[in-house]
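Thanks for making time this morning. I would like to walk through one model with you, taking the ligand site and then the arrangement of the domains.

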Amino acid sequence: MAFQNLLSAAENGICTITINRPDKLNALNQATLKELRQALNEAVADPEVKGIIITGAGPKAFVAGADISEFSGLNEEQGRAFAANGHEIFRAIELCPKPVIAAVNGFALGGGCELAMACHMRIASELAKFGQPEVNLGLIPGYGGTQRLTMHIGRGRATELLMTGDIINAQDAYRVGLVNYLVPPEQLIPKCTEILQRIASKAPLAVAEIVKCVDAHYTDGVDGYAFEVDAFGRCSGTEDFKEGASAFMEKRKAVFKGK
Ligand code: COA
C-alpha cells in the first residue's frame with residue numbers, strides 16, 4: 001500500500017519503515033500513526049519479512065514528537081482518547097512477533113522517544129538525541145513514556161528526565177542503557193540490518209515467544225517464570241525444535257520453517 005507520511009520497503013527479508021515528514025522533523029500526526037499501524041500490520045503479515053527497522057527521514061530527526069499542532073487544543077476527554085490511540089499502536093509494536101529495531105538517526109523526542117522505546121531494540125547514530133520534553137508544554141508523555149523510560153533506565157534517572165524535560169545526547173543514552181549500540185551515522189542501517197539478519201536465521205516461533213516472555217516480566221499479574229515454562233513447552237512441540245536439535249547432532253546448519 002502507498003503511504004502519504006511514511007515509506008515502507010522490504011528488501012532481503014527486512015522491512016524498513018521510514019517516518020517521512022522531514023520538514024516537520026517527522027512529527028507524528030494522527031495520519032502518520034494510522035499509517036504506521038498499517039505498515040506494521042503489512043510487515044507482520046508478509047511471510048518474506050523477518051525483521052523490521054523503524055527510522056526517520058532526513059539527517060536531523062528520528063521523530064521530534066507527536067505533532068504539537070494537532071493536540072494543542074485538546075480537552076480532557078479528547079486528551080485521554082489521543083493517548084489511548086498512541087498506546088494501542090505502540091503496544092502493537094512492542095508485542096510484534098517479528099523483531100523491531102528503532103534506528104534512531106536524530107531527535108527522538110516526546111512521542112519519538114516513546115516510539116523508539118516501544119521497539120525491541122534501539123540502535124542510535126552518534127548524532128541522536130533523546131528526551132521527553134512534554135513537561136515544557138504542561139503535559140506528560142502520553143504514549144507510554146513514563147512507563148517505558150522507567151523500565152529502560154530505572155526510576156531515578158527516568159523521573160529526572162521526565163521532570164526536567166532535559167534532552168540527552170546519544171552517548172548519555174548509551175551510558176544509561178537506553179540504546180543497545182551507538183554507531184556513526186553511516187553505520188546505523190547496516191548495524192540494524194546485521195542484527196536482524198542474524199535473528200532471521202533463528203527459529204521464528206522461538207523469536208516470537210521471546211518477545212512475549214520478555215514482555216511478561218513487565219506485565220502486572222503475569223508470572224513471567226510460569227509464562228516461560230509454557231512458552232518452552234510450546235517451542236518443544238514445534239518442528240523447528242526437532243530440526244534445530246537434529247541439525248546440532250548432525251553438525252549442520254539448521255533450516256527453520258516457522259512451524
Ligand atoms: N510537532 C509539530 N511540529 C514540529 C514538531 C512537533 N513535535 N517538532 C518540530 N516541528 C516542526 C517545527 O514546527 C518546524 O516547522 P516549521 O518549519 O513549519 O515552523 C519544523 O518542524 C522544524 O523544527 P524547528 O523547531 O524549526 O527546528 P530546530 O532545529 O530549531 O529545533 C527541536 C529542533 C527538535 C529542538 C524543536 O523542533 C522542538 O523543540 N520540537 C518539539 C519537540 C517536542 O516538544 N516534542 C514533544 C512533543 S509532545
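Before I turn to the site, a word on naming: helices and strands here are DSSP runs, with at least four residues for a helix and at least two for a strand, and they are numbered from the N terminus. Please keep in mind that this is a predicted model.

With that naming in place, α2 (68-71) and β6 (107-109) each supply at least two residues of the shell around the ligand. That shell comprises 16 residues, of which Lys24, Lys60, Ala64, Ala66 and Ile68 come nearest, and when it is sorted by class we find 9 nonpolar, 2 polar and 5 charged residues.

As for polar atoms, a ligand oxygen lies 2.4 Å from an N or O atom in the side chain of Lys24, and a polar side-chain atom of Lys60 is placed 2.6 Å from an oxygen atom of the ligand. At Asp23 the backbone is involved, with one of its polar atoms 3.5 Å from a ligand oxygen. The ligand taken alone exposes 860 Å², and the protein buries 59% of that.

Let me move on to the domains. The domain assignment divides the chain into domain 1 (6-200) and domain 2 (204-250), whose centres, taken over C-alpha atoms, are 27 Å apart.

Where do these two domains touch, and how many residues of each are in contact? On the domain 1 side there are 9 residues, in contact with 6 of domain 2, and between them the domains bury about 580 Å², with 69% of it on carbon and sulfur atoms. Of the area that domain 1 buries against domain 2, Leu95, Pro97 and Met151 supply 54%, more than any other three residues.

Technical notes: Residues are numbered from 1 along each chain as its sequence is written. This is a predicted model: local features need pLDDT of at least 70, side-chain atom pairs count only at pLDDT 80 or more; totals for chains, interfaces and linings use all residues. Side-chain values use heavy atoms; hydrogens and water are left out. A residue is near a molecule or strand if one of its heavy atoms lies within 4 Å of it. A polar contact is a pair of N or O atoms within 3.5 Å; within protein, one must be able to donate a hydrogen and the other to accept it, and residues adjacent in sequence count only if both atoms are side-chain atoms. Accessible areas come from the Shrake-Rupley method with a 1.4 Å probe; for residues, only the protein chains shown count as cover. Ala, Val, Leu, Ile, Met, Phe, Trp, Tyr, Cys and Pro count as nonpolar, Asp, Glu, Lys and Arg as charged, and the others, Gly among them, as polar. Domain bounds come from an automatic or database domain assignment. Contact means heavy atoms within 4.5 Å. Buried area is the accessible area (1.4 Å probe) that two parts lose on being put together, summed over both.
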